[in-house]
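This report walks through the packing, strand pairing, charged pairs and cysteines of one protein model. Please keep the sequence and the 3D view open while reading.

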Amino acid sequence: MVALDAIVACLEERRPLDGVLERDRRYPALAPRDRALVRTVCLEACRRRGQVDDLIAACVARPLPQGARTARAILRLGIVQLLFLGFAPHAAVDTSVRLAKARIPGIAPLVNAVLRRLQRDGVALVARQDAVLLNTPGWLFDSWTEAWGDARDLAESHMTRAALDLTVKDDAEGWARRLGGRVLATGSVRVPAPAAVSDLAGYACGRWWVQDAASALPVRLLGAVGGSDVLDLCAAPGGKTAQLAAAGARVTAVDVSGRRMERLRANMTRLGLSVRTVVGDAARWRPASPFDAVLLDAPCSATGTLRRHPDILWTRTSGDPGRLAALQRRMIGNALACLAPGGVLVYCVCSLQPEEGEEHLVRLPAGCRLDPIRPDEVPGLAAAVTAQGCLRILPTFMGREGGLDGFFAMRLRPCGEADTSGS
């Protein structure tokens, strides 16, 4: 029932999956294994939505009416279990039919007929599908084609699940050996995904935190921050906050969401790190005194994180990048106003959309300049440094090692200030 309601909310009402699950009181009451199952099935239903809906259309005489959202959701969940997650066929069909009988008994025969047909013919039907195009909204695929050329490999990257990356406080090689993983060129530790992250050694005692290898790079672009006053804007859930604090910075973390800030505080407590937290709007909040450095991880379309959050494929629209870019420009201007003379700002987003990245370069606020990033600052990712000196990571980078989240970052300084970062 939890998975069904979540898929209805996400794929019919365009509500983000994480938020739906967090607000469902039934979800945290489930056993850890059941929570993991719900999340896995929901994520795969989002990842494979285009294929699944194409299969449904192939198995019904008439298209399901727009109002048949419960029937669609039950079929979506059943089909991903049957054809994409490797569940036992009888279990996938039986569970779906029982769910239909519990919710809307009249649709149970339809659910049974569609799933029985796909139990017989589904593998052959899937083999004839163009999974990449079916599972990528046209507006998104077209935007990537315009920005990056052939978008097929880029779109295909979100069909695979993301690796589990950790940022460790110290002794990356030692933790990689202990957890059966490896140290990437960027310094992150990539480990096999467990049933529950909290079961891994080092979690309870706060020796590391989960953070995609790409997400761990922007903090490094600030240079040596030990002993500096650093402002972390849009900080929650706190991966970059933890990096800054672990490096010896005096961190003020600001986020507009009180609920997300509570999560950040809980993460800092587990990690044994001390930061000042403020609930505030990054586009308006101003400090009593300026900061040596500012990190702005701005709200964005998050299209670089589709491997982890495939629901974004269906909850975002073509107008979102432009709308968010306007907000990002306001935040950049406010972040610059929070800097002390000689300070440095790193702006970053986990978006693949140029409106939220490269296009900001032609509309920078007056009084600041781009401080180019050097290839040696991002080991293993020299190709991600653009001609202008920005960082543009595509999910296809480091593909042999399992890929990365898509990311953009640029470093700004007040005009006329020398580079004193030492980076």
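## Basis and nonpolar cores

In what follows, a contact means heavy atoms within 4.5 Å. The model is a predicted one, and every value below was computed from it.

The largest nonpolar core has 131 residues, and the residues with the most contacts inside this core are Leu-296 and Leu-391. Leaving aside residues up to four places away in sequence, Leu-391 touches Leu-217, Leu-221, Ile-373, Val-378, Ala-384, Val-385, Phe-407, Phe-408 and Ala-409. Apart from the largest core lies another one, of eleven residues, which include Ala-176, Val-189, Val-191 and Leu-200. As a general background, nonpolar side chains in soluble globular proteins tend to be buried together.

## An open sheet of four strands

Four strands, in the order E2-E3-E1-E4, make up an open sheet whose pairing is antiparallel. Its edges are strand E2 (182-183) and strand E4 (208-210), each of which pairs on one side only.

Strand E3 covers residues 189-191 and pairs with E2 in the antiparallel sense over two bridges. Within this pairing, Val-183 has Val-189 in E3 as its bridge partner, and Val-189 is also listed among the residues of the eleven-residue core.

## Salt bridges between separate parts of the chain

Side chains of opposite charge can pair when their charged atoms come close. In this model the count of salt bridges comes to 36, and three of the pairs are described here.

Arg-259 and Glu-22 meet through their side chains in a salt bridge, at 2.4 Å from N to O. Because Arg-259 belongs to helix H15 (residues 258-271) and Glu-22 to helix H2 (residues 17-23), this pair ties together parts that are 237 residues apart in sequence. Arg-259 is partly exposed, with a relative accessible area of 44%, and Glu-22 likewise counts as partly exposed at 44% relative accessibility.

A further salt bridge, at 2.9 Å from N to O, joins the side chains of Asp-170 and Arg-207. Asp-170 lies in the loop between strand E1 (164-168) and helix H12 (172-179), while Arg-207 lies in the loop between E3 and E4, so this pair ties together parts that are 37 residues apart in sequence. Asp-170 counts as partly exposed at 40% relative accessibility, and Arg-207 counts as partly exposed at 25%.

## A buried pair and its network

The side chains of Asp-371 and Arg-411 also meet in a salt bridge, at 3.1 Å from N to O. Since Asp-371 sits in the loop between strand E10 (368-370) and strand E11 (391-393), and Arg-411 in strand E12 (residues 407-414), the pair ties together parts that are 40 residues apart in sequence. Both Asp-371 and Arg-411 are buried.

This pair belongs to a network of salt bridges that links Asp-371, Arg-374, Asp-376, Glu-377, Arg-411 and Arg-413.

## Cysteines without disulfides

Why does a search of the whole structure find zero disulfides? A disulfide requires two cysteine sulfur atoms within 2.5 Å, and two cysteines illustrate how this cut-off is missed. For Cys-10, the closest cysteine sulfur is that of Cys-46, at 3.8 Å, which is too far for a bond. For Cys-350, the closest cysteine sulfur is in Cys-300, at 3.6 Å, and this too is too far for a bond.

As for their surroundings, Cys-10 is buried, with a relative accessible area of 0%, and Cys-350 is buried with a relative accessible area of 16%.

How values were computed:
Residues numbered from 1 in each chain as written. Predicted model: local features only at pLDDT ≥ 70, side-chain atom pairs only at ≥ 80, totals over all residues. Heavy atoms only, no water. Core = buried A, V, L, I, M, F, W, Y, C linked by side-chain atoms within 4.5 Å. Buried < 20%, exposed > 50% of the residue type's maximum accessible area, 1.4 Å probe, protein only. Pairing = 2+ DSSP bridges. Salt bridge = Lys/Arg side-chain N within 4 Å of Asp/Glu carboxyl O.
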